[in-house]
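This report covers the nonpolar cores, the strand pairing and some unusual backbone geometry of one chain.

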Amino acid sequence: MTARLHTYFRSSAAYRVRIALHLKGLPYEAVPVHLLRGGGEQHLPAFAALNPHELVPVYQDGRGAVLRQSLAIVEYLDEVHPQPALLPADPVGRAQVRALALDVACEIHPVNNLRVLAYLTGTLGQPEEARLAWIRHWVGVGFDALEATLRNAPTRGRFSWGDTPTLADLCLVPQIFNARRFGVEIESRYPTLAAIDAACAALPAFRAAHPQAQPDAA
């Protein structure tokens, strides 16, 4: 049975998993879940039965497992299909790469995701200018720290950690994509992050996972 990824083309979390699947050469069926159409297809009963949190991604591995939360899915893929490895071999390295990934997945992404922004503009009645200021502020706080962390890190190579992509890059690249969408200047303000993003963009797996390469891109 073919694995299935319930995804939305602009979801940062789903984007992370798509990169991992392509890096590992794992075939899957993309099942689009439009997060805006009709109030959000993630709220439909069929999807909520798969994930009561009503969030993408959801990964069905083709062997009966139904997995959610992007980092948990990626680590599962790394354990079941260990090559190419997305975490370093040593415990300290693994912890440090996870920390870089969590800097994005826990500190930047959650305060800027769709349901938070919808609450900001809908329930709290904030105007579009406030929404954009909110996004740019929290991206700036996170990226300022990441740039400082990675600029002179002895473990950084072409990528966030060494010369092959890791879990850290799977989180960074989608966040940079979203930051650009909202007018955050990357190249001049964050040259280290921009260089890592460019190195990733040169790889076929990252290009195949890009939002504009997805069947539901609109």
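A nonpolar core is here a set of buried Ala, Val, Leu, Ile, Met, Phe, Trp, Tyr and Cys residues joined through side-chain atoms within 4.5 Å. Buried means under 20% relative accessible area. The model examined is a predicted one.

**Nonpolar cores**

The largest nonpolar core has 52 residues. Those with the most contacts inside this core are L21, F143, L146, L170, I186 and L193. Two or more residues each are given to the core by α1 (12-23), α3 (70-80), α4 (91-105), α6 (128-151), α7 (167-181), α8 (191-201) and α9 (204-209). Of these elements, α7 provides the largest share, nine residues.

What does I186 touch, leaving aside its neighbours within four places in sequence? I186 is in contact with F143, I176, A179, R180, P191 and A194. A second core, separate from the largest one, consists of seven residues, among them Y8, L35, F47 and V56.

**Strand pairing**

Strand β1 (residues 4-7) pairs with strand β2 (residues 29-32) in the parallel sense, over four bridges. Together with α1, these two strands make a right-handed β-α-β unit. β1 also pairs with β3, in the antiparallel sense and over three bridges. L5 shows both pairings: L5 stands opposite A30 in β2 and opposite Y59 in β3.

**Backbone geometry**

Most residues other than glycine have a negative phi, and most peptide bonds are trans. The table lists departures from both patterns.

| Site | Feature | Angle | Loop |
|---|---|---|---|
| V56 and P57 | cis peptide bond | omega about 5° | P57: between α2 (45-50) and β3 (58-60) |
| Q83 to P84 | cis peptide bond | omega near -10° | P84: between α3 and α4 |
| E54 | positive phi | phi about 60° | between α2 and β3 |
| Q69 | positive phi | phi near 70° | between β4 (66-68) and α3 |

V56, which is joined to P57 by a cis peptide bond, is also one of the residues of the second core. The loop between α2 and β3 holds P57 and also E54.

Are the two residues with positive phi buried, exposed or partly exposed? E54 has a relative accessibility of 25% and therefore counts as partly exposed, since that class lies between the limits of 20% and 50%. Q69, with a relative accessible area of 48%, is partly exposed by the same limits.

Technical notes:
Residues are numbered from 1 along each chain as its sequence is written. This is a predicted model: local features need pLDDT of at least 70, side-chain atom pairs count only at pLDDT 80 or more; totals for chains, interfaces and linings use all residues. Side-chain values use heavy atoms; hydrogens and water are left out. Buried means under 20% relative accessible area, exposed over 50%, partly exposed in between (1.4 Å probe, protein chains only). Contact means heavy atoms within 4.5 Å. Two strands pair if DSSP finds at least two bridges between them. A crossover is right-handed if, with the strands pointing away from the viewer, the path from the first strand over the helix to the second runs clockwise.
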